[in-house]
Amino acid sequence: MESESQANNENTQKTTQGIDLHAIGTPPNFHFNGVNVPSHIALDANLSRFSVYSWNESHNGVIRTATGSFTKKVIPMKTVRIFSAPDVHFKNDPPIRSVQVNTELDFASNDARFSGGYYIFKNRIDSYSLVTPNFAGNVDVNDQDIMIEARQGQYQ
């Protein structure tokens with residue numbers, strides 16, 4: 001069972017500066033778990049460009065499928081719904097949760113599927129998560145606002 005402080009951690013990020021991207025560690029990589037989603041998104045060491053990597057069976061591994069640049073902007077605190085990244089500590093939690101974000105990364109890509117607003121927040125396990133569009137598109141019309149959590153580092 002998660003402690004109350006863990007549960008509230010990601011919903012109490014009320015800083016006015018937003019997330020310090022340099023505090024994440026470089027280069028930051030955010031990994032997905034699921035089907036019809038990328039393998040991971042990597043931000044470059046200069047924190048201005050990104051690469052999207054996907055599994056490719058014909059190459060027997062992960063290949064870069066898109067690149068682009070991004071800018072960070074601090075926005076008023078808002079709540080977004082996400083498909084939670086799997087975690088052994090929260091395996092009994094519902095798959096969808098709401099988190100508060102105030103740091104937006106505006107991605108511009110050579111592949112339009114990966115352009116747009118992404119969010120970053122400090123998650124309940126004290127690392128960082130990137131909130132992305134739902135690339136899989138596997139939701140009902142009433143749930144089209146739900147985004148996907150890609151977590152920093154590897155899954156446990």
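These legends accompany close-up views of a predicted model.

**Figure 1. Overview of the protein chain, with 1 helix and 8 strands.** The elements run α-β-β-β-β-β-β-β-β from the N terminus on. The chain has 156 residues, and buried residues make up 41% of them. About 8500 Å² is exposed, with 47% of that area supplied by carbon and sulfur atoms. Contacts between residues at least 6 apart in sequence were also sorted by separation, and 53% of these join residues at least 24 apart.

**Figure 2. A stacked ring pair, Phe107 and Tyr118.** The whole structure holds 5 aromatic pairs. In this one, the ring centres of Phe107 and Tyr118 are 4.0 Å apart and the planes meet at 10°, so the pair counts as stacked. Phe107 belongs to strand 5 (residues 96–109), and Tyr118 to strand 6 (residues 116–122). The two residues are 11 apart along the chain. Both Phe107 and Tyr118 are buried. Ring pairs also bring in Phe50 and Phe70, which form a cluster with Phe107 and Tyr118.

**Figure 3. Strand 7, a buried strand.** Strand 7 covers residues 128–132. Of its 5 residues, 5 are buried, so the strand is largely enclosed by the rest of the structure. Both of its faces are covered. Tyr128, Leu130 and Thr132 lie on one side. Ser129 and Val131 lie on the other.

**Figure 4. The pairing partners of strand 7, strand 6 and strand 8.** Strand 6 pairs with strand 7 in the antiparallel sense, over 4 bridges. Here Tyr119 stands opposite Val131 of strand 7. Strand 8 (residues 147–152) also runs antiparallel to strand 7, and 4 bridges join the two. In this pairing, Thr132 stands opposite Ile148 of strand 8.

**Figure 5. The hairpin turn between strand 6 and strand 7.** The hairpin has 5 residues between its strands. Asp126 sits in this loop. Its phi is positive, about 70°, although Asp126 is not a glycine. Most residues other than glycine have a negative phi. Is Asp126 buried or exposed? At 52% relative accessibility, Asp126 counts as exposed.

**Figure 6. Leu47, a second view of a positive phi.** Leu47 has a phi near 55°, a positive value in a residue other than glycine. The residue is found in the loop between strand 2 (40–43) and strand 3 (49–56). Its relative accessibility is 12%, so Leu47 counts as buried.

**Figure 7. The salt bridge of Glu104 with Lys73.** A search of the whole structure finds 6 salt bridges. Side chains of opposite charge can pair when their charged atoms come close. For Glu104 and Lys73, the closest N and O atoms are 3.9 Å apart. Glu104 lies in strand 5, whereas Lys73 lies in strand 4 (residues 61–83), so the pair ties together parts that are 31 residues apart in sequence. Glu104 is buried, with a relative accessible area of 13%. Lys73 has 42% relative accessibility and counts as partly exposed.

**Figure 8. The salt bridge of Glu149 with Arg97.** The side chains meet at 2.9 Å, N to O. The pair links distant parts of the chain. Glu149 is in strand 8 and Arg97 is in strand 5, 52 residues apart. Are Glu149 and Arg97 buried or exposed? Both are buried.

**Figure 9. The salt bridge of Asp111 with Arg113, and a network elsewhere.** The closest N and O atoms of Asp111 and Arg113 are 2.7 Å apart. Asp111 has a relative accessible area of 18% and is buried. Arg113 is exposed, with a relative accessible area of 55%. Separately, Arg81, Asp143 and Asp145 are joined into one network by salt bridges that share partners.

Note on methods: Residues are numbered from 1 along each chain as its sequence is written. This is a predicted model: local features need pLDDT of at least 70, side-chain atom pairs count only at pLDDT 80 or more; totals for chains, interfaces and linings use all residues. Side-chain values use heavy atoms; hydrogens and water are left out. Rings of Phe, Tyr and Trp (its six-membered ring) pair if their centres lie within 6.5 Å; planes under 30 degrees apart count as stacked, over 60 as edge-to-face and the rest as tilted. Buried means under 20% relative accessible area, exposed over 50%, partly exposed in between (1.4 Å probe, protein chains only). Two strands pair if DSSP finds at least two bridges between them. A salt bridge is a side-chain nitrogen of Lys or Arg within 4 Å of a carboxyl oxygen of Asp or Glu. Contact means heavy atoms within 4.5 Å. Accessible areas come from the Shrake-Rupley method with a 1.4 Å probe; for residues, only the protein chains shown count as cover.
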